[in-house]
Amino acid sequence: MSTGTPLHVLFDRARGGERGALARLLSVAEAGGEDAAALDSLCAASAAPRARTIGITGAPGAGKSTLTAALLGCARRESQPVAVLAIDPSSPLTGGAILGDRVRMHHAAVDEGVFIRSLASRGQQGGLAQATSLGARVLEACGWPWILLETVGIGQVEVEISGRADLVVVVLNPGWGDEIQANKAGLMEVADIFVINKADRDGVAQTRRDIEGAIAARPGGAEIPVIETVATRGEGVEGVWAAIAARHAALEASGLLATRRRGRIAAELESAVMSALRRRVAVLLAGDAGLRERARIEAGASGIHEGARALLDAIVRD
Ligand SMILES: Nc1nc2c(ncn2[C@@H]2O[C@H](COP(=O)(O)OP(=O)(O)OP(=O)(O)O)[C@@H](O)[C@H]2O)c(=O)[nH]1
Ligand SMILES: [Mg+2]
């Protein structure tokens, strides 16, 4: 790798508590490719205890970072080390929000028991979700028992990223009835805990009714906590932290967590196979074999499906 230090050396240093080495490993995870694959194998072989990964998701400006910083405070009062990955699924050009997060969370950055890092999109499809998973596995291998994943938005990409966490907290604000309706399916899929942040504003009761209406039909919906917070003043945040711990313990006891983790392995395996295949197909199509099949189809010597089959056979033979 370009840094000159062999990956396994960096890995050992990071596991020994060197924060600079850990930061570099997270850059490796973010960049993807061969080094990331090697890093993944190192994590798999590390046999580290399982970390608890918590997704914090919600629309831009909902107060996720403020809440996350306050949750860090709760964890630290219990002397629990906690790492945060702030994930920005938008283009790499909009790094401003992430920078803002860094500043807002700065007070936590001098604490040895806190590690904060942002991950940005590198453009490739599924890349950020993969980087997030690997980033979390690296933190786990380095012994961080709690990992908070802050993701902006409640669309499909965020649902995919949230799916990489054990448990997901969805942050909403008063007056968001329409958003709740528009994103109902996605929210239902991911939310284990709802937080109505900015509860110092009007419309809290209506938003609570909207959420409770939306979750009523979901199996186990009645057990999903809906918690009001004013994150800027720390109000209600202890309740969120307690709910996270309680829900996590309940998921573990019921066996649902193990089921989720199995589902996650299946999804991540599929996504890794698909991206390897996509890369392989791109190379094949741009090379001689692709050219040959295109020419045969153009000349009427072969159909599309026949050509596709010939190329697939070439991949299998490889
Ligand atoms: N009134 C009020 N403002 C809040 C509350 N929580 C956060 N804010 C403010 O809302 C703004 C956005 O907060 P952030 O924590 O950056 O929100 P975010 O969801 O992380 O934002 P992005 O990461 O940019 O999507 C900031 O100006 C906060 O001070 C709250 O409970 N009440
Ligand atoms: Mg934020």
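These notebook entries record what I looked up in a predicted model of a protein with one ligand site examined.

**Entry 1: overall make-up**

I began with the whole chain, and I found 14 helices and seven strands in the protein. Of its 318 residues, 36% count as buried. I then looked at how far apart in sequence the contacting residues lie: among contacts with a separation of 6 or more, 75% are between residues 24 or more positions apart.

**Entry 2: the core**

I turned next to the largest nonpolar core, which has 72 residues, and noted that L25, V138, I147 and V169 are those with the most contacts inside it. Helix α6 gives the most to this core, with eight residues. Leaving aside residues up to four places away in sequence, I listed what V138 touches, and the list reads L25, L26, A29, L39 and C43.

**Entry 3: helix α2**

Since L25 had come up in the core, I looked at helix α2, residues 19-31. Its 13 residues, at 1.5 Å a residue, should span 18 Å, and because the end C-alpha atoms are 19 Å apart, I take the two values to agree. The expected value counts one less than the number of residues, which is why 13 residues lead to 18 Å. In this helix I found L22, L25, L26, V28, A29 and E30 buried. What do the buried residues of α2 pack against? They pack against α1 (7-15), α3 (33-45), β3 (114-120) and α6 (127-141). Just after α2 comes G32, which takes a positive phi of about 70 degrees.

**Entry 4: strands β1, β2 and β3**

I then examined β1 (52-58), where seven of the seven residues are buried, and I noted the strand as mostly covered. R52, I54, I56 and G58 point one way from β1, whereas T53, G55 and T57 point the other way, and all are buried. Which strand pairs with β1 over seven bridges? That strand is β4 (residues 146-152), and the pairing is in the parallel sense; as an example, the bridge partner of I56 in β4 is E150. Four bridges join β1 to β5 (residues 167-172), and these strands also run parallel. In β5, the bridge partner of I54 is L167.

Elsewhere I checked β3, which is mostly covered, with five of its seven residues buried. Seven bridges join strand β2 (residues 82-88) to β3, and the two run parallel; in this pairing V82 stands opposite V114 in β3.

**Entry 5: the surroundings of ligand 1**

Around ligand 1 I counted 17 residues, of which P60, G63, K64, S65 and T66 come nearest. The shell divides into six nonpolar, seven polar and four charged residues. Helices α4 (64-77) and α5 (96-104) each supply at least two residues of this shell, and α4 gives the most, with three residues.

**Entry 6: positive phi outside glycine**

I looked for backbone angles out of the ordinary, given that most residues other than glycine have a negative phi. A47 has a phi near 50 degrees, a positive value in a residue other than glycine, and it lies in the loop between α3 and β1. K198 likewise has a positive phi, near 65 degrees, and I placed it in the loop between β6 (193-197) and α10 (204-215).

Is each of these buried or exposed? A47 has 7 other C-beta atoms within 10 Å, and since the cut-off for exposed is 12 or fewer, A47 is exposed. K198 has 25 other C-beta atoms within 10 Å, and because 20 or more is enough, K198 is buried.

**Entry 7: R218**

R218 is found in the loop between α10 and β7 (226-229). With 15 C-beta neighbours inside 10 Å, R218 counts as partly exposed. I also looked up its position relative to E189: the two are 29 residues apart in sequence, and their C-alpha atoms are 9.3 Å apart in space.

**Entry 8: helix α14**

I closed with helix α14 (residues 304-317), whose 14 residues should span 20 Å at 1.5 Å a residue, and the end C-alpha atoms are indeed 20 Å apart, which agrees. Of the 14 residues of α14, the number buried is zero, so I recorded the helix as lying largely in the open.

Key:
Residues numbered from 1 in each chain as written. Chains lettered and ligands numbered in written order. Predicted model: local features only at pLDDT ≥ 70, side-chain atom pairs only at ≥ 80, totals over all residues. Near = placed C-beta within 6 Å. Nonpolar A, V, L, I, M, F, W, Y, C, P; charged D, E, K, R; others polar. Contact = placed C-beta atoms within 7 Å. Core = buried A, V, L, I, M, F, W, Y, C linked by C-beta atoms within 7 Å. Pairing = 2+ DSSP bridges.
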